Amino acid sequence: MENWDVRRVTPEDAGRMRALRLEMLADSPLAFLETLAQAAARPHESYRQRIRQSSEGFETAQFIADPGGPLVGHAGGIVLPDEPHCTVIFAVYLTPAYRGGKILGQLIEAVADWSAAAGRDELMLEVVCGNGRAVRAYEKLGFADTGVRLRHPTIPALTELQMRRRA
């Protein structure tokens with residue numbers, strides 16, 4: 001049943017985005033760059049400001065899956081400073097009950113469309129090595145492992161693999 005809209009965030013989404021962010025960090029703590037405690041301590045106005053910045057323009061954007069109640073999915077995009085033709089996809093998350101369906105593809109395509117409209121023709125993302133489910137899901141969406149391996153930015157014992165595709 002497809003009872004959600006995938007769209008760019010608006011400032012009015014700040015409260016529901018904060019709730020989704022806390023869910024993301026509780027459910028998948030290795031996948032994101034801040035801890036649940038850090039996010040919970042951040043003032044609501046900080047969420048509102050971040051959402052406001054991501055709601056327009058071509059430097060950064062956040063897209064959500066909105067069924068009309070709690071948000072069930074998120075994917076963001078930001079220009080890669082060293083590669084201005086490339087958008088980095090970040091903070092991809094689906095509420096567990098919505099995994100394995102169409103939402104992931106819809107969120108990634110929303111980022112891809114935004115990236116293409118900004119004149120960027122490539123997408124890049126990073127996945128923690130060993131997260132085979134995520135790798136397979138991204139491969140189905142056209143991403144390929146580049147062979148590049150990077151140290152996880154906050155947990156040095158972990159390694160991430162880089163994946164890319166055309167926007």
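**A covered strand and its surroundings in a predicted fold**

Strand β5 is mostly covered, with six of its seven residues buried. This strand is a convenient place to enter the structure, which is a predicted model. It spans residues 122–128 and pairs with β4 in the parallel sense, over three bridges. Within this pairing, Glu 122 of β5 is the bridge partner of Cys 86.

Stepping back to the whole chain, the model contains five helices and seven strands. Their order along the sequence reads β-α-α-α-β-β-β-α-β-α-β-β. The radius of gyration is 15 Å, close to the 15 Å that the globule rule gives for 167 residues, so the chain is as compact as a globular protein of that length. Along the principal axes, the C-alpha atoms fill a box of roughly 40 × 35 × 35 Å. Of the 167 residues, 43% are buried. Contacts that bridge long stretches of sequence are well represented: among those between residues at least 6 apart, 61% join residues at least 24 apart.

The surface and the charges complete this overall view. The accessible surface of the chain comes to about 8500 Å², and carbon and sulfur atoms account for 55% of it. The chain carries 20 positive and 21 negative charges, and the mean positions of these two sets lie 4 Å apart.

Strand β4, already met as the parallel partner of β5, also has an antiparallel partner. This is strand β3 (residues 73–80), which pairs with β4 (residues 83–94) over seven bridges. The link between β3 and β4 is a hairpin of two residues. Across this pairing, Ile 78 stands opposite Val 88 in β4. Strand β4 thus takes part in both an antiparallel pairing with β3 and a parallel one with β5.

A backbone detail in β4 deserves a look. Ala 91 lies in this strand and has a positive phi of about 50°, although it is not a glycine. With a relative accessibility of 16%, under the 20% limit, Ala 91 counts as buried.

Helix α4 (residues 103–117) contains Ser 115. This serine has a relative accessibility of 0% and therefore counts as buried. Leaving out residues up to four places away in sequence, Ser 115 touches Thr 87, Arg 120, Glu 122, Leu 123 and Ala 167. One of these contacts, Glu 122, is the β5 residue that has Cys 86 as its bridge partner. The contact list of Ser 115 also includes Thr 87, a residue within the 83–94 span of β4.

A further site of interest is Asp 66, which is placed in strand β2 (residues 60–66). Its relative accessibility is 10%, so Asp 66 counts as buried. Beyond its neighbours within four places in sequence, Asp 66 is in contact with Trp 4, Asp 5, Arg 7, Arg 16 and Leu 71. For one of these residues, Arg 7, the separation from Asp 66 is 59 residues along the chain, while the two C-alpha atoms are separated by 7.7 Å.

Note on methods: Residues numbered from 1 in each chain as written. Predicted model: local features only at pLDDT ≥ 70, side-chain atom pairs only at ≥ 80, totals over all residues. Heavy atoms only, no water. Helix = DSSP H or I, 4+ residues; strand = E, 2+ residues; numbered from the N terminus. Rg over C-alpha atoms; globule rule 2.2 N^0.38 Å. Buried < 20%, exposed > 50% of the residue type's maximum accessible area, 1.4 Å probe, protein only. Contact = heavy atoms within 4.5 Å. Areas by Shrake-Rupley, 256 points an atom, 1.4 Å probe, with all protein chains shown as cover. Lys, Arg positive; Asp, Glu negative; His and termini not counted. Charge placed at Lys NZ, Arg CZ, Asp CG, Glu CD. Pairing = 2+ DSSP bridges.
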